[in-house]
Amino acid sequence: MARVAGRAMASALLTAACLTTVPRPGAAQELRGTRGSPTALEFPDSRVLPQAPAPFTGTINPTARDSVPAWPPTLAAPELAPNVLLIITDDVGFGSPSTFGGVIPTPALEEIAQAGLRYTQFHTTALCSPTRASLLTGRNPHSVGFGAVAELSTGFPGYNAIIGADTATIAETLRQNGYATAWFGKNHNTPPWETSPAGPFTRWPTGLGFDFFYGFIGGETNQWEPGNLYRNTTRILPFEGRPGWNLTTAMAEEAIAHIRLLTEVTPNRPWFIHYAPGGAHAPHHPTPEWIARFRGQFDEGWEVLRERIFANQQRLGVLPPNAVLPPWPDTLPRWSSLSAEERRLFARQAEVFAAYLAYTDHEIGRVIQAVRDAGQMDNTLIIYISGDNGGSAEGQLRGTPNEFAFFNGVEIPVERQLPFLEAWGDDTTYPNLAVGWTWAFGTPYRWTKQVASHFGGTRNGMAISWPARITDRGGVRHQFHHVTDIAPTILEATRIPEPRSVNGVAQRPMEGIGMAYTFDAANALAPSRRRTQHFEMLGHRGIYHEGWYANTTPPTLPWESSGHAPEDALNGYTWELYNLIEDPTQARDLAAQQPERLLDLQQRFLVEAARHQVLPLDNSSLPRLIAPRPGPAAGRREFIFRGLGGGLPANAAPSLLNRAYRLEAEIEVPAAGAHGVIATHGGRFAGWGFYLLEGRPVFTWNLLDLERIRWEAPEALPPGRHSVVFEFTPDAAGPPVGRGGTGTLLVNGRAVSRQAMARSLPFAVQGDESFDIGHDTGSSVDMRDYRPPFAFTGRIERFAVTLGDSTLPTSAPRD
């Protein structure tokens, strides 16, 4: 009896303990199914994420026979919450796609516009990283550390390239509310110093709320041979041994397979997919079949193209009737002034660009078709943004077969480009087009990417469809909106509240304004709910307020990388004023007629700038590429590597730019001799390589594929251990960046080759390729010498890089 009584008492005490629960922060907003069953689904009160564990609702006694099981409910989004496919292309001017009057066919974008709505006054930020940071967080770019692209980050809160824990992404919110999340394509929002294989990975896509990532890290990549491509956090090289492989298609295949996986395995779980292809950012790398479709279509020149696009836009109604086409700028050549060779070259550049954009849209269309094939089109919100800023001016006046020339302040003359005419777009080129085309493809607006003051840099076409909700098929919307408004719109559509706390960190409120009010036909002409929006990029500024727009006049040309910006970034600019209701294309400056209104808007800009971390203004550009930053290479003078390795991005690797340095390899050559890469950084378009060629040590500097400086030993190394060294000593005097000097190749302590180098790379090696040891995982710095991987056939005992004094002043030089 005592034993039975004791067991009963133990059972009673245990039951009482199990029925005592800790209250949760909030009750379920929605419970589907029977609580405790394996099929129960709960949409929680999700203003605090993550939710505390649900209390156990069954009973526990000493034996399972006498107990009642109960499963915690599965986290689920609200019932019938839509899937979300968020698409953004790259460097596409407003007038490029046919959907907004352009001559480049974009049937996928057109499909979304015809099934839903076409937005004509949607705005980005003028550069890649800032737009994407705003897109994913619902905050202004400076508010989340992206006042410029990641590579130009500085140590101020608005510019440090760090999306903080207090500004969680829309993916993190959706993931913690039951969504599957995935990111395909460009990630330009991880701090550059955190992009190495050593991490940390907290600000990679998989640390920012995405369950899965397949894409490239950084501003751009070679579509034929991407050196910065990752699956989650692992670098992959799927192009090896596969001629004709192209990332634009491969990425679509990955996304299609992922959609199929989600819909077959978890058909009732909504998903959020961010799809961000590289097109049409340089390098323009379409397939030859796509290029052939556009042969001869641009022979009439950019002014004729511009007039044709403007007429199309008026016909489509994507411009108001009072819009005028501003005159062609005096800073750009007219087509009639060009030589026959220039016209032939420039027409080819436009053909390849058009092919790349059309190819990109085609592959996007295949992803959209996968949604339809899965039977989920009706309840999928598709947001397709045509460009993260205006068209690129980084091709400069004449275009370029190698965009890294622009990032090193070099313009390639036409005669040096003509040999690439037929190859334009293949893997021997890294091309961008002449800025005359960029201006035309941005019709009807003025200026380009980088310029936040004018709509040529910030106005992008957008289409949104959601058949279950948007019934005004083919409607056009003219409300003034901004990329910060996308995340709040997604929350409106999914009926998920904006969280107050995420992962224990209080959240700063989103600064965007939801656009769902524009979905109904009854609100087609409703006033914009966005009353004010500021813009700033590299010192260029603008402020919109209730139909008026004030902005600075660009003091330098964005296609001239050597331009000098005003010393006084705050007061050294002229301002313009526009009434956008009467003058939607910024054609008639009213600053002289209405100085009081201009002053009011200038003051509003300063208020917004102070509120959103825009200050201090910084109008420098290229010099910020080489500004000191945190990371594994920061402050180090010595780097030691042993054996095969590498795969390091520039911010984790030793930089040989603008300084003295010494590279020393301790190697062992086998009896049969040795060849292969000792170390390399960069590739075909800019960089250096240290290797054995038929046993002879060679060091090569590839200066933008325009010139190669080469040091070579006269004899092959015999079997045994050797020390192979390359030293560079800058000249005592010269420019702080790109200064020449003398290089010496030494074998076992004896100089075997010495020569002067008149100039060096000032700002950047090829950014999409890595620093490698013992093999080359990208392209060769000199294809005449070897083809990757050209693995070293001996043994690398030790490779050391010792950095000497820099030629830079204490602070990085300004433009």
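This report describes helix packing, sheets, aromatic pairs and unusual backbone geometry in a predicted model.

## Packing of helices H5 and H8

Two packed helices are described by the angle between their axes and the distance between the axes. For helix H5 (residues 247-265) and helix H8 (residues 340-373), the angle is about 10 degrees and the axes lie 9 Å apart. Angles under 35 degrees count as roughly parallel, and H5 is therefore roughly parallel to H8.

On the H5 side, the contact is made by Thr 248, Thr 249, Ala 252, Glu 253, Ala 255, Ile 256 and Ile 259. H8 contributes Tyr 356, Tyr 359, Thr 360, Glu 363, Arg 366, Val 367, Ala 370 and Val 371. Sorted by class, the contact of H5 with H8 comprises nine nonpolar, three polar and three charged residues.

## The four-stranded sheet and helix H13

An open sheet of four strands follows the order S18-S19-S20-S21, with antiparallel pairing. Its edges are strand S18 (532-537) and strand S21 (575-579); each has a single partner strand, so one side of each lacks a neighbour in the sheet. From one strand to the next, the twist averages 10 degrees.

Six bridges pair S18 with strand S19 (residues 540-545) in the antiparallel sense, and Phe 535 has Gly 542 in S19 as its bridge partner. At the other end of the order, S20 and S21 run antiparallel and are joined by five bridges. Thr 552 has Trp 575 of S21 as its bridge partner. Helix H13 (residues 595-611) lies across S18, S19, strand S20 (548-552) and S21, and runs at about 105 degrees to S19.

## Burial of edge strand S21

Although S21 stands at an edge of the sheet, five of its five residues are buried, so the strand is largely enclosed by the rest of the structure. In a regular strand the side chains alternate between the two faces of the sheet. In S21, Trp 575, Leu 577 and Asn 579 point one way, while Glu 576 and Tyr 578 point the other way. The residues of both groups are buried.

## The three-stranded sheet

Another open sheet has three strands in the order S3-S16-S17, and its pairing is mixed. Strand S3 (48-49) and strand S17 (505-506) form the edges; each has a single partner strand, so one side of each is left without a neighbour in the sheet. Strand S16 (residues 501-502) and S17 run antiparallel and are joined by two bridges. Opposite Ser 501 stands Ala 506 in S17.

## Aromatic pairs

The search of the whole structure gives 44 aromatic pairs. A pair of aromatic rings is described by the distance of the centres and the angle of the planes. For Phe 201 and Trp 204, the ring centres are 5.2 Å apart and the planes stand at 75 degrees, so this pair is edge-to-face. Phe 201 is partly exposed, with a relative accessibility of 28%, whereas Trp 204 is buried at 0%.

Ring pairs also link a cluster made up of Phe 641, Tyr 661, Trp 688, Phe 690, Phe 699, Trp 711, Phe 726, Phe 728, Phe 771 and Phe 799. Strand S22 (638-641) is the element in whose range Phe 641 falls. Phe 699 falls within strand S27 (696-703), and Trp 711 within strand S28 (707-712).

## Cis peptide bonds

Thr 443 and Pro 444 are joined by a cis peptide bond with omega of about 10 degrees. Pro 444 belongs to the loop between helix H10 (435-441) and helix H11 (455-458).

A cis peptide bond also runs from Leu 615 to Pro 616, with omega near 0 degrees. Pro 616 is located in the loop between H13 and S22, where H13 is the helix that lies across the four-stranded sheet.

## Positive phi at non-glycine residues

Arg 495, which is not a glycine, has a positive phi of about 60 degrees. This residue lies in the loop between helix H12 (486-494) and S16. With a relative accessibility of 43%, Arg 495 counts as partly exposed.

Leu 704 is likewise not a glycine and has a positive phi of about 65 degrees. Its position is the loop between S27 and S28. Leu 704 is buried, its relative accessible area being 5%.

Key. Residues numbered from 1 in each chain as written. Predicted model: local features only at pLDDT ≥ 70, side-chain atom pairs only at ≥ 80, totals over all residues. Heavy atoms only, no water. Axes fitted to C-alpha atoms, helices over the stretch in contact; angles between N-to-C directions. Parallel < 35°, antiparallel > 145°, perpendicular 65-115°, else oblique. Contact = heavy atoms within 4.5 Å. Nonpolar A, V, L, I, M, F, W, Y, C, P; charged D, E, K, R; others polar. Pairing = 2+ DSSP bridges. Phe/Tyr/Trp six-rings, centres within 6.5 Å; stacked < 30°, edge-to-face > 60°. Buried < 20%, exposed > 50% of the residue type's maximum accessible area, 1.4 Å probe, protein only.
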